[in-house]
Amino acid sequence: MNNEPLLNIGIKAARKAGNFLIRSIDKLKNIKVLEKSTNDFVSIIDQETEKIIKDVVLNAYPEHVFLGEEFGISTNNSKSEFKWIVDPIDGTTNFLHGISHFCISIAVTKNDKTVASIIYNPYDNLLFTSYSGKGSYCNDRRIRVSTRQNLMNCLIGTGLPFRENDKIDAYLETTKFLMLNTSGLRRSGSAALDLADVARGIIDGAWYYGLKIWDVAAGFHLIQEAGGIISNFEGDNNFDQECNIVVGNPYIHAKLLSCINSQKIQYQ
Ligand code: 2AM
Ligand code: CA
């Protein structure tokens with residue numbers, strides 16, 4: 001794995017960005033001003049982090065296309081087949097409140113297919129990587145999705161809806177069913193880390209609606225390379241502006257998808 005140049009550059013960028021985020025936590029603690037200023041400070045950190053990642057990537061690969069949550073797409077007029085899809089902080093609200101559960105999420109695509117991904121939680125020093133055909137790793141140890149088949153023994157991740165409020169009733173129907181038919185639900189505040197946790201088998205599946213491609217691109221690849229399944233609510237892999245996602249080990253993915261599609265209130 002470590003002799004893959006794309007991964008090496010991604011890891012270098014993620015670690016540099018992670019160090020910056022850890023240093024920023026102390027400054028965040030010292031801000032004793034209005035809430036608005038705290039939020040402004042966080043958005044500046046989001047932007048600075050994206051710049052750090054972009055600098056490392058474009059220094060190594062000036063011709064590559066770069067898509068980040070904060071600044072959007074920068075093509076440098078390039079027709080490169082490579083694109084980097086980056087979320088500089090996934091779990092921003094956790095970060096803002098001093099909860100250590102946040103990460104940097106980086107996917108590298110070639111002709112729109114992900115070939116490498118990096119998710120880095122700098123606080124817990126957890127580095128997740130995957131490379132097409134070579135599997136997924138957490139701190140250099142191979143990871144795989146769980147083998148649980150019985151929903152009743154499973155932990156399922158999700159995020160509470162924060163927009164598209166018209167879908168809340170459908171979301172609550174799924175939630176109710178899973179509260180009654182699993183060993184528990186988890187709401188961690190970072191979609192990317194939930195996907196990494198599905199890839200390493202410590203949770204068995206997850207569903208979310210209304211995410212963006214930078215929240216999910218890296219985690220999808222980690223899950224697929226770890227033997228899991230990813231899809232939208234229709235069961236296919238077409239994702240556009242809004243990503244409604246179902247992921248899990250093969251058994252649990254199928255069960256979650258069937259639960260979503262057989263419920264009375266549909267997400268539309
Ligand atoms: P973010 O931290 O990059 O914003 C939390 O449920 C998940 O949803 C996180 O991955 C978070 O990504 C994403 N999300 C996007 N917009 C959000 C918002 N306005 N409030 C809370 N979470 C949001
Ligand atoms: Ca995000």
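Reader: Which strands make the hairpin that has N139 in its turn?
Author: That's β7 and β8, with two residues between them, and N139 in the turn has a positive phi of about 45 degrees. Strands here are DSSP runs of E with at least two residues, and helices are runs of H or I with at least four, numbered from the N terminus. Keep in mind that this is a predicted model, where local features need pLDDT of at least 70 and side-chain atom pairs count only at pLDDT 80 or more, while totals for chains, interfaces and linings use all residues. Residues are numbered from 1 along each chain as its sequence is written, and side-chain values use heavy atoms, leaving out hydrogens and water.

Reader: How many bridges are there between β7 and β8?
Author: Three, in the antiparallel sense. Two strands count as paired if DSSP finds at least two bridges between them. In β8 (residues 141–143), R142 is the bridge partner of Y137.

Reader: What about the other neighbour, β6: how many bridges join it to β7?
Author: Four, and those two strands run antiparallel. T129 stands opposite Y137 there. β6 and β7 also form a hairpin, with three residues between them, and G133 in that turn has a positive phi of about 80 degrees.

Reader: Are the faces of β7 covered or not?
Author: Both are covered: G135 and Y137 on one side, S136 and C138 on the other, all buried. Buried means under 20% relative accessible area, exposed means over 50%, and partly exposed is in between (1.4 Å probe, protein chains only).

Reader: You mentioned C138. How many disulfides does the structure hold?
Author: Zero. A disulfide would need two cysteine sulfur atoms within 2.5 Å. The sulfur of C138 is 12 Å from the closest cysteine sulfur, in C103, which is too far for a bond. C138 is buried at 11% relative accessible area, and C103 is buried at 0%.

Reader: New topic: how many aromatic pairs are there?
Author: A search of the whole structure finds seven. Rings of Phe, Tyr and Trp (its six-membered ring) pair if their centres lie within 6.5 Å; planes under 30 degrees apart are stacked, over 60 edge-to-face, and the rest tilted. F95 and F102 are one edge-to-face pair, 4.9 Å centre to centre with 80 degrees between the planes.

Reader: And how far apart are the ring centres of Y171 and Y209?
Author: They're 6.0 Å apart with planes at 75 degrees, so that pair is edge-to-face. Y171 lies in helix α4 and Y209 in strand β11, so the pair ties together parts 38 residues apart in sequence.

Reader: Which residues are in the cluster linked by ring pairs?
Author: Y171, W207, Y209, F233 and Y267.

Definitions and conventions:
Chains lettered and ligands numbered in written order.
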